[in-house]
Structures are given as structure tokens and as C-alpha cells.
Amino acid sequence: MNKILQLIAFASALLALTAISASAQQAGPSAAPTTTIETHALASLDTAKPFDAKKATDAYLRQVSGAARERSDAYFEGGYGLLFGDALYAVIVSGILLWFRISARIRDIAEGQTRSRFWQVPIYILMYVPLVALMTLPLTVYEGYFREKAYGLMNQTFLSWLLDQTIELGISIVAALFVVTLVYAAIRRAGRAWWIWGAGIVTVFLVVALVVSPVFIAPLFNHYSPLPPGPLRSDILSLARANGIPAQNVYLVDASRQSDRISANVSGFLGTIRVSLNDNLLHKASHDEALAVLGHEMGHYVMDHATRLLLLNALVILAAFAFLNAGFGALTNIFGGNWDVRTIDDPAGIPLLAALATIFFLAATPVTNTISRTTEIQADMFGVNAVRKPDAFATVVLKLSNYRKLDPGQWEEAIFYDHPSARTRIWEMMRWKAEHLNDADIKAGPVSPQ
Ligand SMILES: [Zn+2]
């Protein structure tokens, strides 16, 4: 996804939060062919010795080493720099639009088209969003295509990728038209309390986006079909029935169209919520591994994580709008004359709001990531309790490791990880296993190979 554009389009706060769909897709998929996993190397898991969860975790992590480990660490750590680089770039773009009075000029054009203050906002947006998309295109192309290609994570041709980007731009424009126009209507009506209304409008729009995305948006990029018949299908449907999930809510998606990344996700809200496993998971993971992943996804469904994420992120959005309100007032008092930006109801101030939102969400990264990561940990625990295959989940976590750093520091994980690290997830599994060694279906070892 074009993160910068989303941020600047202001609706990005929302679209970025479609992470609410717990979608692993954007954060990624993976498995570059270079990842080496030696599933037989777990010498320390000898059944004769007492089971040590810590040692078992270390033994798993040692299975990915050398060049494969360096490559995934470099890819993921590079993402930290991009997080700051993207934000800086977005703020600079906003700065150019303000200081060169390009934004004021766009506002003047909109005012020339209609006297209606309501309709001036969508006219402004129709010029502003494509302009920003153009200004951020170099970074979008590098990050979204060439960097992914360099790390072996991209299956699309450049043209096919560009077409997807164009569709995303169209969706961003439509989203911005609705949200920003309504927010400005609230600004004119609600006066000083506008930011509370703004946060409410964005949150309601987020709900709408969640409901419609699996039905109208996701199919623009991928094909969704029923699971093919076979033992895996029967076991997945059995797992679904056991946990109260209607069978028609389990789908297969052709994620290999974009990349080799293994993932699954839960998307939708209210009546449209569904579990999708991607075809990479089907092809690269064993039966037990796929089932373990689906157990995790079903945890999101059963525990209604869409609601949890929505409510927690709504608080973040409210804080964001309070920040926008204070920041806009303070900065236009000083620079408003230079920018020819009048008051908060002047659409020429949109780049300023976008820059403030970028700074806020950058600073809030540890909070939004922690909201997501703690939700993921809950789903991990649900999954292992439902499926009871801790080693299969551990090995599939290693298969995801070509796009995530396996073993980060504690603070590094707290700040930058929207999912638990491989170390955390494998530790969860081994800790669970250590408490279930007397159960008939759980044995201390050997580890289930593929
Ligand atoms: Zn998840």
C-alpha cells in the first residue's frame, strides 16, 4: 500500500488502520526461496531429557541462520528507516504545498468553480490527492516495487503492480472525497468541538470500510474461492464448526499473484467477517502448519478482534484529532500569513492537517503496534489451545521469517512490531507445550517435521 499517499490523503489514518482487518497481507508475506529451514536439527529436543521451553525456543531460532537470517534482518530493519523517511518525505511535500502557496492556489481554483463551501472541498481533493500521489511516486515505486523485488518478495511485473497502485489511488480518492468533505462540513457546523465530530466521522467511515472491503475492495486485487476438497479442507471446516464459525466464512485467496509470502487473515466486520488462507500457505506449509495458522485466524474471529481493534484505534483517532486541532491553531497563528491559509475551515489547510497527522501517527507507532501485537498474541494462544500443535505453529513461524526479523530486542519489538516476533511466538508455543507434556497428544519431541 502507498502509505504516504494514504497519510497525506488524510483518509490514510483509516486505511492504515484497516490493519483492523488483521490483514497480514500488507505487512507481509513471504518466503524468499533462499530461506533455509532444517527441521531435523533439533538435537536439544531429545525426548530423553526434560523439556526446557527456553532451550527449545533457542533451538528453533537457530534453524534460520547465515545469509537467510541476515537478509530478513536487513529487510525488516530497513523498514525502520523507511518509517521515518516516509514521514519526513510526507512532511516535506506538505511544506512545499504550503510555502509555495500551491495549496492556497488550489483552494482559489475550487472557490472559482462554485460558491458552495461544501462543494469546494471535494473539488480541492480532486486536485490535491493526485498531485500528492505524483510527488510521492518515486518513493512509492522504490518501496513498493524495487525494494520488494530486490529482496525476492515480489511476484508481479512492474505493469501489473502499477495497475494495482492505480486502483488503490482511485480508492484513496473516493475515500478522501467522502471523509474530508464530511469533516469540513463538521468544522463549519460544530465550531470548537469540530475535532470530536471529526474523530467520530473517521471512525464511522472506518466501520464502513471494514464492512465493504472484503466484498467490494479485496476482490479488485485478488481472487477468492472456496477451499479445494481434501483432508486439509475437512480438518479446517471441522475446526471452524467446533469454534462456531460458519463454513462459508473460510476462503482461499490467490496471494501468490503478488508475492510468495505465507499468510492468512481475517477481514470484514459485522456480516462480512471472513477467514482467508492464502495459496502460499496451502502450497508451502504442511497440513499441521496450515491448520495451526488457521487456528490463529479463527481466534481473531471468535474473540471478535475487529471490535477490539476498532474501539482501541478509535481512541487513537480521537487523540489524533485533538493534536490536529491544537497544532493547526498554533502553526497558523505564526505562519498562516505566509501560507495564505486562513482558519481551520479553509481547505487550503489540508496539507498542514496531513503533515500533523503524519507526525502524530509516527509518534503513535509504538501504541498502534502494541494494540495490534497484543491482539495477535491473544490469537496465538487461542490457536494453540484449539489446534494443539505448538511445534507446527513454531515451524510455520520460521517460514514467515524471510520478511521479519526473528529475534529483536525487547524495546525494538515493543516499538516496531505489529505482530509478535518469531522468538516471542515460538516461546509462547514452547511454554504451552511445557505445560501439556502429560497430555496424550502432546509429546516433548521430536518436532513434527514439515
Ligand atoms: Zn493474526
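Helices (H or I, at least four residues) and strands (E, at least two) are DSSP runs, numbered from the N terminus. By this convention, Phe321 is found in helix α13, residues 305-339. Phe321 counts as buried because its relative accessibility is 4%; buried means under 20% relative accessible area, exposed over 50%, and partly exposed in between, with a 1.4 Å probe and protein chains only. Phe321 and Ala199 are 122 residues apart in sequence, yet their C-alpha atoms are 6.1 Å apart in space.

The model is predicted: local features need pLDDT of at least 70 and side-chain atom pairs count only at pLDDT 80 or more, while totals for chains, interfaces and linings use all residues. Residues are numbered from 1 along each chain as its sequence is written, and side-chain values use heavy atoms, with hydrogens and water left out.

The zinc site comes next. The protein donors of the zinc ion are His296 (NE2), His300 (NE2) and Glu376 (OE), at 1.9 to 2.1 Å from the ion. Donors are N, O and S atoms within 2.8 Å of the metal (3.2 Å for Na, K and Ca); water is not among the atoms, so sites may look incomplete. Along the sequence, the donor residues follow the spacing H-x3-H-x75-E. Distant parts of the chain are thereby linked: His300 belongs to helix α12 (residues 287-302) and Glu376 to helix α15 (residues 365-387), 76 residues apart. Both His300 and Glu376 are buried.

The strands form an open sheet of four, in the order β1-β2-β4-β3, with mixed pairing. Two strands pair if DSSP finds at least two bridges between them. The edge strands, each paired on one side only, are β1 (224-225) and β3. Two bridges join β1 to strand β2 (residues 250-253) in the antiparallel sense, and Tyr224 stands opposite Val253 in β2. At the other edge, β3 (residues 264-267) and strand β4 (residues 274-278) run antiparallel and are joined by four bridges. Val266 faces Val275 of β4 across this pairing. The hairpin of β3 and β4 has six residues between the strands, and Gly268 takes a positive phi near 90 degrees there. In a regular strand the side chains alternate between the two faces of the sheet. In β3, Ala264 and Val266 point one way, Asn265 and Ser267 the other way, and all are buried.

Aromatic pairs number 17 in the structure. Rings of Phe, Tyr and Trp (its six-membered ring) pair if their centres lie within 6.5 Å; planes under 30 degrees apart count as stacked, over 60 as edge-to-face and the rest as tilted. Phe76 and Tyr80 form an edge-to-face pair, 5.7 Å centre to centre with 90 degrees between the planes. Both residues lie in helix α4, four residues apart, about one turn of the helix, and both are buried. The pair of Phe360 and Phe361 is also edge-to-face, because the ring centres are 5.3 Å apart and the planes stand at 85 degrees. Phe360 counts as buried at 15% relative accessibility, and Phe361 is buried with a relative accessible area of 15%. Ring pairs also link Phe76, Tyr80, Phe416 and Tyr417 into a cluster.

Phe100, in contrast to these buried rings, is exposed because its relative accessible area is 64%. Phe100 is placed in the loop between α4 and α5 (102-113).
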